[in-house]
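This report looks at how two helices meet and at one charged pair that links them. Please keep the sequence and the structure in view while reading.

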Amino acid sequence: SKVIEVHITGINKGIVVGDILSELNLPPGSKIVAIGDDKTDEYLFKALPQQEGISIHVGTGATGANYRLPHVRAVRALLYNIAT
């Protein structure tokens, strides 16, 4: 993917997701969806709450996500179907 990510050592998407979710105060039964396509998203997938979290990896390769979509067009189709 030719991605370079610059971040503070020890800080990643998985670490900040807990802080964000605690501030949202979501109602019971809410679902949290995370969609990503590279290694940096794996931290986020692992940090999602088990009951509420839905993780979707886009593309090929190893992942800890619950689901997989083959490409960005499939993500757009999914989001369109959810929204309509």
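## A lysine in the first helix

In this predicted model, K13 is partly exposed, because its relative accessible area is 32%, a value that falls between the 20% limit for buried residues and the 50% limit for exposed ones. K13 is found in helix α1, which covers residues 13–24.

Which residues does K13 touch, once its neighbours within four places in sequence are left aside? K13 is then in contact with T40, D41 and L44. A further distance can be given for G36, which is 23 residues away from K13 along the chain, and here the two C-alpha atoms are separated by 11 Å.

## The salt bridge

One of the contacts of K13 deserves a section of its own, since K13 and D41 form a salt bridge in which the closest N and O atoms are 2.6 Å apart. The count of salt bridges comes to one. D41 lies in helix α2 while K13 lies in helix α1, so the pair ties together parts that are 28 residues apart in sequence.

Is D41 buried or exposed? D41 is buried, with a relative accessible area of 7%, whereas its partner K13 is partly exposed.

## How the two helices pack

Two packed helices are described by the angle between their axes and by the distance between those axes. For α1 and α2, the second of which covers residues 39–47, the angle is about 40 degrees and the axes are 7 Å apart. The two helices are therefore oblique to each other, because an angle of about 40 degrees is neither under 35 degrees, which would count as roughly parallel, nor within the range of 65 to 115 degrees that counts as roughly perpendicular. The crossing in which α1 passes α2 is right-handed.

On the side of α1, the residues that take part in the contact are K13, G14 and V17, and on the side of α2 they meet T40, D41, Y43, L44 and A47. Sorted by character, the residues of this contact divide into four nonpolar, two polar and two charged.

## The buried residues of the second helix

The buried residues of α2 are T40, D41, E42, L44 and F45. Among them, T40, D41 and L44 are also listed in the contact with α1. What do the buried residues of α2 pack against? They pack against α1, and also against the strands β1 (32–36) and β2 (53–58).

Conventions. Residues numbered from 1 in each chain as written. Predicted model: local features only at pLDDT ≥ 70, side-chain atom pairs only at ≥ 80, totals over all residues. Heavy atoms only, no water. Axes fitted to C-alpha atoms, helices over the stretch in contact; angles between N-to-C directions. Helix = DSSP H or I, 4+ residues; strand = E, 2+ residues; numbered from the N terminus. Parallel < 35°, antiparallel > 145°, perpendicular 65-115°, else oblique. Left-handed = near helix turned anticlockwise from the far one by under 90°. Contact = heavy atoms within 4.5 Å. Nonpolar A, V, L, I, M, F, W, Y, C, P; charged D, E, K, R; others polar. Salt bridge = Lys/Arg side-chain N within 4 Å of Asp/Glu carboxyl O. Buried < 20%, exposed > 50% of the residue type's maximum accessible area, 1.4 Å probe, protein only.
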